[in-house]
Amino acid sequence: LHIKTYSLQGQLLLDTEQEYRIGRNELPMCIEMNINEWHREARVIIVAPWYAAYGMMGTEEVPAYENVLLDITIL
């Protein structure tokens, strides 16, 4: 997956491209819940509330409680 994470103000917070294992909690919940419905080379944009994205802990790049826009490309 190639995932670009933006704040709702349009600031790029995180840009990753790597393989993930489904069902291992490696992805934000909003992606994990829907990824089985997507096909190869699909591009999906999700506006995710904080609790379905990076949660109350956030990451180094994404602040806690941050609502985000996820631009996802399945490679």
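User: Which residue stands opposite His-2 in S4?

Analyst: That's Thr-73. A quick word on the ground rules: this is a predicted model, where local features need pLDDT of at least 70 and side-chain atom pairs count only at pLDDT 80 or more, while totals for chains, interfaces and linings use all residues. Residues are numbered from 1 along each chain as its sequence is written, and side-chain values use heavy atoms, with hydrogens and water left out.

User: What counts as a strand, and what as a pair of strands?

Analyst: Strands are DSSP runs of E, at least two residues, numbered from the N terminus. Two of them pair if DSSP finds at least two bridges between them. Here, S1 and S4 pair in the antiparallel sense over six bridges.

User: How many bridges link strand S1 and strand S2?

Analyst: Five, again antiparallel, with S1 covering residues 2-7 and S2 covering residues 12-17. On the S2 side, His-2 stands opposite Glu-17. The hairpin of S1 and S2 has four residues between the strands, and Gly-10 in that hairpin takes a positive phi near 95°.

User: Now salt bridges. How should I read those?

Analyst: The general idea is that side chains of opposite charge can pair when their charged atoms come close. The cut-off used is a side-chain nitrogen of Lys or Arg within 4 Å of a carboxyl oxygen of Asp or Glu. This structure holds two. In one, Asp-71 meets Arg-43 at 2.6 Å, N to O. Asp-71 sits in strand S4 (residues 68-73) and Arg-43 in strand S3, so the pair ties together parts 28 residues apart in sequence. Arg-21 also forms a salt bridge with Glu-26, with the closest N and O atoms 3.0 Å apart.

User: Is Asp-71 buried or exposed?

Analyst: Buried means under 20% relative accessible area, exposed means over 50%, and partly exposed is in between (1.4 Å probe, protein chains only). Asp-71 comes out buried at 11%, whereas its partner Arg-43 is exposed at 57%. As for the other salt bridge, Arg-21 is partly exposed at 49%, and so is Glu-26 at 32%.

User: And what does Ile-46 touch?

Analyst: Contact means heavy atoms within 4.5 Å. Leaving out residues up to four places away in sequence, Ile-46 touches Cys-30, Ile-31, Trp-38, Val-68, Leu-69, Leu-70 and Ile-72. Ile-46 lies in strand S3, residues 43-48, and counts as buried because its relative accessibility is 16%. Ile-46 and Thr-73 are 27 residues apart in sequence, and 11 Å apart in space, C-alpha to C-alpha.
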